[in-house]
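Good morning, colleagues. Please take a moment with the sequence and the structure on the screen, after which I shall speak about helix packing and internal cavities.

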Amino acid sequence: MPVVSGALSSGSVGTVARVGTTTTHRSSRTLTQRKPRRPQSQNAVAASSLRPFVLADERITRWSTPHSIQFQNHLETFLSPSASSQLFTVMAHALELRTRKNYGAGLLRFTQFCDSLSIPEEARMPAGDVLIAAFVAHHAGRVRFDTIAGWLSGLAVWHALNGARWVGGNILIYAKKGAKKLEPPPLAKRPPVTLEHMHALFARLDLKNTFDAAVFAVACSAFWGCRRLGELVIPSRFGFEAEKYVGAGVDVGVRTLPSGVRYAVFHIPWTKTTKNDGADIILTANTDPTDPVTALMHHRSVNHALPDDAPMFAFETSEGPGWAPMTRDWFLNRCNTIWIGADLGVLTGHCFRIGGATELLLRGTHPDIVATQGGWKSKAFLEYWRKIEAILPLFISKSFDQSRAISLSNSIEEFRIRHNH
């Protein structure tokens with residue numbers, strides 16, 4: 001772990017009282033190899049040697065058809081086994097893990113549909129225009145169009161990986177248009193993470209525990225930093241990629257401005273919008289018990305023995321290699337366990353970003369600063385603002401008066417005019 005640069009002050013009095021002089025307890029969580037779970041009845045498919053029992057993100061590369069087997073045999077007539085294997089490995093790396101999972105879900109639904117109609121294996125790839133359109137029609141009116149479109153993208157990639165032609169003719173075009181018009185109404189949006197949620201984490205997490213300290217640091221960084229959760233935690237226990245996710249060896253600078261404002265800054269190697277250019281994450285200290293700077297530095301103190309090549313928000317354990325990575329599921333499950341116990345319901349990872357942005361705006365933070373903090377372009381931020389408008393009453397009724405809401409609306413309007421939107 002590198003030496004932290006800059007001055008580290010006490011931060012929030014409430015936080016220091018909880019984390020300043022405690023004895024660390026290593027988490028008992030251990031790292032185990034990912035294994036596919038036995039599918040639930042709604043996810044079952046007809047048994048076949050063409051479809052081994054694998055993880056969802058592996059279906060796109062490991063489920064086959066007579067056509068795909070023929071294609072692989074053809075490759076072996078002019079490529080060596082190692083060259084053929086390398087080709088598929090490189091093509092698979094074109095897809096993010098989460099994308100492969102989503103595509104695997106689409107392949108599952110398509111296979112179930114074909115099973116229900118007893119479609120021969122030979123007819124499933126290349127899949128004809130009518131078959132694909134019938135698959136779309138089967139789910140029209142029951143599944144959101146974005147979901148269906150994602151499934152179709154997965155099927156198209158599955159065909160491409162196996163050298164099969166993807167048709168997508170007129171029948172499919174009209175089936176997609178019909179599914180778009182027939183899509184069911186969207187699910188009710190989940191409420192955002194608020195200070196009440198954050199304070200529940202502060203009150204109920206055991207910050208002497210290495211896992212809970214990491215959870216709290218992620219929560220405070222995502223909330224006050226307005227960051228996507230996927231920029232801070234990894235999708236699965238073996239999903240860490242150094243070129244995409246920030247490591248424990250990253251330099252964290254903690255500095256104090258002449259005005260007395262303290263902040264922490266570190267670089268992440270990849271974001272959804274900047275790709276490999278990454279971004280600097282800037283966390284500004286505040287007087288709230290959930291001060292992100294103090295939470296982050298406490299995590300790095302409690303989990304100080306992490307190797308530099310571990311994920312940044314990994315945590316020390318009492319077994320195995322001595323540490324485990326913080327995964328999205330572990331993080332959200334811990335947060336939701338606490339929120340359910342506090343009668344605050346269940347939330348998703350995206351709720352941190354929209355909740356933190358709203359809290360900062362209502363505190364009078366200029367929209368330009370919030371947009372920069374969360375990595376939004378001006379147009380994207382204004383589109384995001386439309387989502388925030390719908391949840392303002394959840395914040396204003398508890399923390400602010402209507403005059404603050406009016407002032408915020410005026411600031412956003414000035415932002416809109418200045419950026420010509």
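A crossing is called left-handed if the near helix is turned anticlockwise from the far one by less than a right angle, and right-handed if it is turned clockwise. I should state at once that what we are viewing is a predicted model.

With that convention, consider helix 10, residues 210–225, and helix 11, residues 292–302, whose axes come within 8 Å and cross at roughly 150°. Angles over 145 degrees count as roughly antiparallel, and helix 10 and helix 11 are therefore roughly antiparallel to each other. Their crossing is left-handed. On the helix 10 side, the contact involves Thr210, Ala213, Ala214, Phe216, Ala217, Cys220, Ser221 and Trp224, while helix 11 contributes Pro292, Ala295, Leu296, His298, His299 and Val302. Sorted by class, this contact holds 10 nonpolar and 4 polar residues, with no charged ones.

I turn now to the cavities. How many cavities of 30 Å³ or more are there? The count is 2.

The largest cavity holds about 50 Å³ of space. Its lining consists of Arg51, Ser64, Thr65, Phe110, Thr111, Glu121, Arg124 and Trp158. That lining divides into 2 nonpolar, 3 polar and 3 charged residues.

The second largest cavity has a volume of about 40 Å³. Here the lining residues are Glu231, Leu232, Val233, Ile234, Phe240, Tyr245, Val246, Pro311 and Met312. By class, 8 residues of this lining are nonpolar, none is polar and 1 is charged.

Thank you for your attention.

Technical notes: Residues are numbered from 1 along each chain as its sequence is written. This is a predicted model: local features need pLDDT of at least 70, side-chain atom pairs count only at pLDDT 80 or more; totals for chains, interfaces and linings use all residues. Side-chain values use heavy atoms; hydrogens and water are left out. On a 1 Å grid over the protein atoms alone, a cavity is a set of points where a 1.4 Å probe fits but cannot get out, and a pocket is an open set with protein on both sides within 12 Å along at least five of seven lines; lining residues have an atom within 4 Å of a point. Grid points are joined across faces, edges and corners, and a volume is the space filled by probe spheres set on the points. Ala, Val, Leu, Ile, Met, Phe, Trp, Tyr, Cys and Pro count as nonpolar, Asp, Glu, Lys and Arg as charged, and the others, Gly among them, as polar. Axes are lines fitted to C-alpha atoms, for helices over the stretch in contact, and angles run from 0 to 180 degrees between N-to-C directions. Helices (H or I, at least four residues) and strands (E, at least two) are DSSP runs, numbered from the N terminus. Angles under 35 degrees count as roughly parallel, over 145 as roughly antiparallel, 65 to 115 as roughly perpendicular and the rest as oblique. Contact means heavy atoms within 4.5 Å.
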